[in-house]
Amino acid sequence: MATQNTWLHIGLGSFHRAHQAWYLHRLIAQGDARWHIAAGNIRNDAEHVVAALTAQKGRYVLETVSPEGERVYEEITSIQKLLPWQADLQPLITEGAKPETKVIAFTVTEGGYYLNTTHQLEVNNADLACDLQGGNKTIYGVITRILEQRMANNAGPLTLLNCDNVRHNGERFHDGLVEFLTLTGKQAVIEWLKANATCPNTMVDRITPRPAADLPARIKEKTGTDDKAPVMGETFIQWVVEDNFRDVRPDLEAVGVEMVESVIPYEEAKIRILNASHSCIAWAGTLMGKQFIHESTLTDAIYAIADRYVTEDVIPSLGNNGIDLPTYRDVVLKRFTNPYIEDTNQRVAADGFSKIPAMITPTMLECYQRGAVPHATAMLPALFFVYMEQWHKGQLPYEYQDGILDADAVHAMFNAEDPIALFASDKALFGELATRDDFAALLREKIQAVYTLIR
Ligand SMILES: NC(=O)c1ccc[n+]([C@@H]2O[C@H](COP(=O)([O-])OP(=O)(O)OC[C@H]3O[C@@H](n4cnc5c(N)ncnc54)[C@H](O)[C@@H]3O)[C@@H](O)[C@H]2O)c1
Ligand SMILES: OC[C@@H](O)C(O)[C@H](O)CO
């Protein structure tokens with residue numbers, strides 16, 4: 001009888017179910033039943049999904065669709081244990097502290113790491129402040145409690161695997177956790193972590209929209225299954241993982257995962273070319289009255305902004321990193337034009353306050369460092385500025401979602417005499433650029449260009 005190792009996943013969103021759960025499902029489908037997933041949430045924001053999945057014994061249908069409209073349906077079988085949400089998160093903690101749990105992975109969004117531009121914890125954030133006092137609202141608070149329980153149970157080593165779109169995601173999480181443990185005086189946990197856990201970096205990729213309202217009906221029609229919690233994503237999928245697991249791991253290579261020594265070239269290309277362009281298109285598309293990513297990308301003026309940003313600023317920044325970057329750019333922009341996935345500008349526009357410092361500011365800094373002015377990249381924060389101005393005026397056509405939005409501060413900025421000067425001097429967004437004499441003028445010029453674009 002094969003051993004059943006547990007892969008605990010925290011953050012049971014659509015992406016986990018279309019990506020990591022798919023890979024582990026493929027292993028099971030190939031006859032390797034050594035791993036299963038147990039999954040749950042830190043936030044009580046998906047009660048109906050957890051209830052539906054529990055009733056379906058963790059199974060659900062994944063629909064994938066290519067840019068040509070070819071749809072494939074697959075029942076995913078890897079999530080075999082649903083952990084009900086409880087205010088004290090005890091089900092997650094108990095599962096994480098079991099010796100058979102060898103990997104704890106998580107997708108808690110970019111905003112879920114509460115890091116500033118110098119990668120330190122935003123300790124004034126209300127959720128983080130709560131966890132620094134012993135609460136359970138963030139990944140740091142929960143993992144700390146799991147590790148303490150593992151130490152008490154003598155449960156052995158494990159791998160902590162960040163699967164969010166965060167640059168150097170394993171390192172950033174590790175450093176955030178160590179800072180959290182230091183601030184809470186948990187030196188013994190820091191020592192245990194050093195000896196017993198690794199945090200490999202990963203690059204994850206599959207565009208996974210929020211499931212559309214008509215998805216259950218289409219799945220019923222095509223497969224006959226009455227699924228209350230289906231997901232859908234694009235056909236494209238990629239997962240690059242640093243091969244640095246602390247204990248056993250699934251045979252991920254057998255299902256197409258790229259196990260590498262360093263993910264840096266892959267993640268730099270993905271985060272700057274895919275994610276930053278995606279946000280740019282979502283902010284611009286919203287400002288131009290579009291609902292979906294594909295229609296925004298197919299708007300010539302928007303396509304040109306994204307294409308120029310990658311071509312003029314990102315590709316020279318990344319240099320020759322072993323990836324054919326012009327081809328990567330073209331493939332990514334083509335993926336964005338897939339009309340069948342109906343990905344919304346609302347989903348992709350989210351978390352701007354985390355994405356600008358992590359995904360966009362580094363390119364501007366590197367342009368200046370090589371003596372160039374980041375004209376093309378500066379359009380991205382300029383779009384975000386005008387987008388937030390519309391949010392401030394209550395003119396966005398949907399709710400803007402951002403894990404670290406400080407609503408009072410944003411309203412105060414737009415009520416001030418010179419909002420652009422305040423925006424440009426925001427160190428949390430722009431780091432050392434915030435003190436450059438010429439940076440506000442650059443943003444002012446690009447913000448004018450955005451007003452012209454959307455007039
Ligand atoms: N959807 C995609 O196309 C895609 C692709 C690659 C990577 N990702 C990564 O996965 C993340 C989640 O995407 P999704 O599509 O599953 O979104 P989703 O909205 O379906 O799920 C978000 C999950 O994160 C949890 N969460 C949100 N904020 C949190 C916080 N501050 N602390 C703890 N948990 C929190 C929610 O409870 C939920 O489980 C993205 O933010 C991104 O980093 C998504
Ligand atoms: O840019 C938004 C992301 O969620 C994106 O859909 C994803 O990173 C694609 O892999």
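This text walks through a predicted model, from its domains to its two ligands and then to four single residues.

Start with the overall division. The chain splits into domain 1, residues 5-260, and domain 2, residues 264-454. Their C-alpha centres are 27 Å apart. The two parts touch each other: 35 residues of domain 1 are in contact with 37 residues of domain 2.

Ligand 2 is a good place to see both domains at work on one shell. Each domain, 1 (5-260) and 2 (264-454), contributes at least three residues to the shell around ligand 2. The surrounding residues are Asn165, Asp205, Arg206, Ile207, Lys270, Leu274, Asn275, His278, Arg347 and Val348. Sorted by class, three are nonpolar, three are polar and four are charged. Two helices stand out here. Helix H10 (264-287) and helix H14 (345-349) each provide at least two residues of this shell. H10 gives the most, with four residues.

Now look at the polar atoms around ligand 2. The side chain of Lys270 places an N or O atom 2.6 Å from an oxygen atom of the ligand. Asn165 has a polar side-chain atom 2.8 Å from an oxygen atom of ligand 2. Asn275 also has a polar side-chain atom 2.8 Å from an oxygen atom of ligand 2. How much of ligand 2 does the protein bury? On its own, the ligand exposes 300 Å², and the protein buries 92% of that.

Move on to ligand 1. Its shell holds 22 residues, and the closest are Asn41, Asp45, Glu110, Asp164 and Thr208. The class count is seven nonpolar, nine polar and six charged residues. Both side chain and backbone take part in the short distances. In the side chain of Asp45, an N or O atom is 2.9 Å from an oxygen atom of ligand 1. From the backbone of Arg206, an N or O atom lies 3.2 Å from an oxygen atom of ligand 1. For a backbone N or O atom of Thr107, the distance to an oxygen atom of ligand 1 is 3.4 Å. Alone, ligand 1 has 820 Å² of accessible area, and the protein covers 87% of it. Arg206 links the two sites in this account: its backbone approaches ligand 1, and Arg206 is also listed around ligand 2.

Next come the single residues. Val166 sits in the loop between strand S7 (158-162) and helix H7 (169-183). Is Val166 buried or exposed? Val166 counts as buried because its relative accessibility is 11%, below the 20% cut-off. Beyond its neighbours within four places in sequence, Val166 contacts Glu110, Tyr113, Arg172, Glu267 and Ile271. Glu110 is 56 residues away along the chain, yet the C-alpha atoms of Val166 and Glu110 are separated by 6.1 Å. Glu110 is also one of the closest residues to ligand 1.

His16 belongs to helix H1, residues 14-18. Its relative accessibility is 0%, so His16 counts as buried. The side chains of His16 and His9 make a polar contact of 3.2 Å. Not counting residues up to four places away in sequence, His16 touches His9, Gly11, Ala21, Ile37, Ile79 and Thr107. Thr107 has already appeared, with a backbone atom 3.4 Å from an oxygen atom of ligand 1.

Asn136 occupies the loop between helix H5 (126-132) and helix H6 (139-153). Asn136 counts as buried because its relative accessibility is 16%. Its side chain joins that of Arg145 in a polar contact of 2.5 Å. With residues up to four places away in sequence set aside, Asn136 touches Ile42, Ala87, Asp88, Leu89, Asp131, Val142 and Arg145.

End with Lys228, in the loop between helix H9 (215-223) and strand S10 (231-234). Its relative accessible area is 58%, so Lys228 is exposed. Lys228 touches Ala52 and Gln56, again leaving out residues up to four places away in sequence. What separates Lys228 from Val49 in sequence and in space? They are 179 residues apart in sequence, but 7.8 Å apart from C-alpha to C-alpha.

Notes:
Residues numbered from 1 in each chain as written. Chains lettered and ligands numbered in written order. Predicted model: local features only at pLDDT ≥ 70, side-chain atom pairs only at ≥ 80, totals over all residues. Heavy atoms only, no water. Near = heavy atom within 4 Å. Polar contact = N/O pair within 3.5 Å; in protein donor to acceptor, adjacent residues only side chain to side chain. Areas by Shrake-Rupley, 256 points an atom, 1.4 Å probe, with all protein chains shown as cover. Nonpolar A, V, L, I, M, F, W, Y, C, P; charged D, E, K, R; others polar. Buried < 20%, exposed > 50% of the residue type's maximum accessible area, 1.4 Å probe, protein only. Contact = heavy atoms within 4.5 Å. Domains from an automatic or database assignment.
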